[in-house]
Amino acid sequence: MSYISRRAVIKTRNISSVSVIVLGETYIGDGTLVMSNVIIGVPRRSKLINILSLNSSTSLEELLDGLSSGSRIGSRVIIRSGCIIYEDSTIEDDVELGHGVVVRENVKIGSRSRIGSGSILDADIRIGSQVSIQSNVYIPRGTVIEDNVFIGPCAVFTNDKYPPSKKITGPHICRGAIIGAGAIILPGVEIGENSVVAAGAVVTRDVPPGSVVAGVPARPVYSVEEYLRRRETYESGV
Amino acid sequence: MSYISRRAVIKTRNISSVSVIVLGETYIGDGTLVMSNVIIGVPRRSKLINILSLNSSTSLEELLDGLSSGSRIGSRVIIRSGCIIYEDSTIEDDVELGHGVVVRENVKIGSRSRIGSGSILDADIRIGSQVSIQSNVYIPRGTVIEDNVFIGPCAVFTNDKYPPSKKITGPHICRGAIIGAGAIILPGVEIGENSVVAAGAVVTRDVPPGSVVAGVPARPVYSVEEYLRRRETYESGV
Amino acid sequence: MSYISRRAVIKTRNISSVSVIVLGETYIGDGTLVMSNVIIGVPRRSKLINILSLNSSTSLEELLDGLSSGSRIGSRVIIRSGCIIYEDSTIEDDVELGHGVVVRENVKIGSRSRIGSGSILDADIRIGSQVSIQSNVYIPRGTVIEDNVFIGPCAVFTNDKYPPSKKITGPHICRGAIIGAGAIILPGVEIGENSVVAAGAVVTRDVPPGSVVAGVPARPVYSVEEYLRRRETYESGV
């Protein structure tokens with residue numbers, strides 16, 4: 001069984017008939033593929049909480065539908081099974097989501113970006129175009145990721161310097177930066193343009209543009225030019 | 001389609017009609033919200049295995065229902081989509097689960113605690129009240145977490161000193177402790193009252209109450225008083 | 001609602017009636033247990049993409065079914081809720097999957113192996129028999145894992161030395177090796193027979209057979225004989 005809001009505007013026919021829920025004034029563009037067990041337009045926490053004290057005979061999906069502002073999904077987007085997208089988010093054309101990706105409210109994902117299976121994007125995040133986020137990555141509220149960034153699997157971003165505090169300072173990942181697998185990025189850190197963070201690094205301070213850092217805590221190891229030279233040798237298979 | 005056991009006692013009306021499965025003598029309290037694709041009362045592994053040799057014409061959900069002891073869910077609990085709760089667990093009032101949380105058998109989660117999306121709580125765990133566990137945290141069998149603990153995203157707890165062994169020694173996290181994002185806590189470690197583990201630390205030995213540790217392996221860096229002073233400065237935005 | 005391909009050959013009766021999708025010429029052996037929200041036979045990405053430009057009145061599940069080559073699942077396999085298995089993969093007899101495991105195309109999992117909840121196995125992976133992979137582990141394309149390997153929770157494997165490059169070199173984990181929780185294994189690394197990687201280690205180079213490594217970057221700490229001696233003492237509870 002599925003539930004599609006009467007307020008939703010859906011331009012695609014590629015929607016699974018197995019357990020899909022579309023809430024609020026959600027818009028879904030041409031050709032977009034929505035696999036089974038996907039929910040689009042989940043109301044934010046502050047609205048959900050109000051349901052707890054109701055004892056309405058209205059069905060839960062109708063209640064959620066009534067609360068939801070919906071989200072905007074572009075054309076030719078792939079939303080694989082189990083993805084959860086909250087209200088007030090925008091996913092631009094040609095984006096691709098893996099399985100079970102969670103996208104909270106007020107997130108924007110730019111065109112042609114790809115988010116791997118199991119990744120969690122908390123609320124209030126800006127992600128540019130042609131960004132590649134691999135599987136099982138965690139990105140907290142307030143993070144900014146510019147165009148053409150690459151983030152390896154299981155990387156962890158953080159936004160609270162002295163948790164649990166009342167202040168949030170999301171990391172800022174500049175255009176073209178590369179974050180290795182399992183790296184941990186501390187709150188408020190800026191990763192400069194085209195810089196590289198090695199797998200497993202713990203980044204405790206800003207990384208200047210064009211540098212390569214590694215280790216715990218992360219320290220500069222060589223330049224991006226050297227990185228690109230090594231990549232070329234690696235790819236040529238010598 | 002959903003499956004609700006005839007033995008279940010359900011006091012709330014806020015249950016999704018999309019793919020919810022409630023097994024055994026499960027009790028669900030007033031106002032509790034159960035979103036789509038949730039399963040409550042999954043039989044433990046030792047029971048599941050018996051089904052493999054059956055060739056019964058009974059449906060799988062009826063077989064599982066017959067095996068399940070059910071679980072006890074309090075009032076005003078939020079269970080978001082995709083959560084899996086095994087049998088013989090207790091979730092107290094006003095608890096909140098994110099999406100896709102797995103709670104195995106014989107787990108107790110105290111009132112007003114919150115567990116983030118994608119976190120996995122293995123069997124035989126005790127979690128106190130007002131505990132905050134962020135997203136993608138892994139907690140193994142035998143762990144004890146006291147009241148008011150905060151655990152950052154993607155933290156990993158372990159319970160076997162020489163895996164794979166026959167002995168399990170879960171960590172013990174004392175009241176008010178704070179564990180940073182991506183920290184790894186080794187087996188049997190006790191994190192003392194109100195102590196702090198920095199993000200990315202690997203904690204190999206007990207942390208005394210009121211201390212702050214960081215690094216790999218984790219070592220003391222300053223006192224909790226200093227931590228709280230720094231938090232205050234941080235929050236005041238200077 | 002469920003969708004079972006007319007081309008599928010299913011020998012078991014233990015299949016949930018809640019949101020199960022079986023695509024293509026999938027074979028499922030005797031006794032195998034398939035819980036709710038499972039999809040078997042998902043077409044690989046290169047096929048999925050073709051659907052985006054269709055505007056067919058055929059249902060999405062029928063389109064996917066038509067594209068899928070199916071997968072082969074043995075007898076007495078346990079596939080817990082939310083698992084996603086792509087086409088052209090083989091899961092041998094007596095394998096056990098946790099909840100929400102993702103298995104991409106062209107993966108082989110040998111008999112009696114167990115994969116924990118939330119783990120992701122990318123395409124083109126070989127996993128031997130009696131392998132134990134715990135929860136939330138990430139294994140990328142091209143990885144080889146021999147028989148009797150143990151991998152702790154939240155371990156991260158990688159396959160690209162200078163991401164994002166055009167070359168993939170998956171790690172090779174030899175027979176009987178043990179990888180601790182949260183360890184990160186860099187691309188192309190070989191973990192020798194019966195060697196041990198400690199929890200939280202970042203392994204940057206090959207580990208010789210029979211050695212134990214720990215730290216960031218991982219360095220030898222003692223022999224496997226010593227490890228087994230310590231395990232024995234640990235298990236005896238002294």
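**Contacts and symmetry between the chains**

I start with chains A and B: the contact between them takes 37 residues from chain A and 41 residues from chain B. Please keep in mind that this is a predicted model.

Which elements of chain A give two or more residues to the side that touches chain B? They are helix H1, residues 45–51, and helix H2, residues 60–67. If we sort the residues on this side of chain A by class, 21 are nonpolar, 12 are polar and four are charged.

Next, the contact between chains C and A. Here 37 residues come from chain C and 41 residues from chain A. On the side of chain C that touches chain A, two or more residues each come from helix H1 (45–51) and helix H2 (60–67) of chain C. That side of chain C holds 21 nonpolar residues, 12 polar ones and four charged ones.

Now the symmetry. How many degrees of rotation superpose chain A on chain B? The rotation is 120°, the shift along its axis is 0.0 Å, and the RMSD is 0.0 Å. This is the relation of a three-fold axis.

Do the two copies use the same surface or different surfaces where they meet? They use different surfaces, as 19% of the contact residues of chain A recur in chain B.

Last, the axis itself. Which residue of chain A comes closest to the rotation axis? A:Met1 does, with its C-alpha at 3.3 Å from that axis.

To sum up, chain A gives 37 residues to its contact with chain B and 41 residues to its contact with chain C, and a rotation of 120° superposes chain A on chain B.

Technical notes
Residues are numbered from 1 along each chain as its sequence is written. Chains are lettered from A and ligands numbered from 1 in the order in which they are written. This is a predicted model: local features need pLDDT of at least 70, side-chain atom pairs count only at pLDDT 80 or more; totals for chains, interfaces and linings use all residues. Two residues are in contact if their C-beta atoms, placed from the backbone, lie within 7 Å. Helices (H or I, at least four residues) and strands (E, at least two) are DSSP runs, numbered from the N terminus. Ala, Val, Leu, Ile, Met, Phe, Trp, Tyr, Cys and Pro count as nonpolar, Asp, Glu, Lys and Arg as charged, and the others, Gly among them, as polar. Copies are superposed by least squares on the C-alpha atoms of residues with pLDDT of at least 70 in both.
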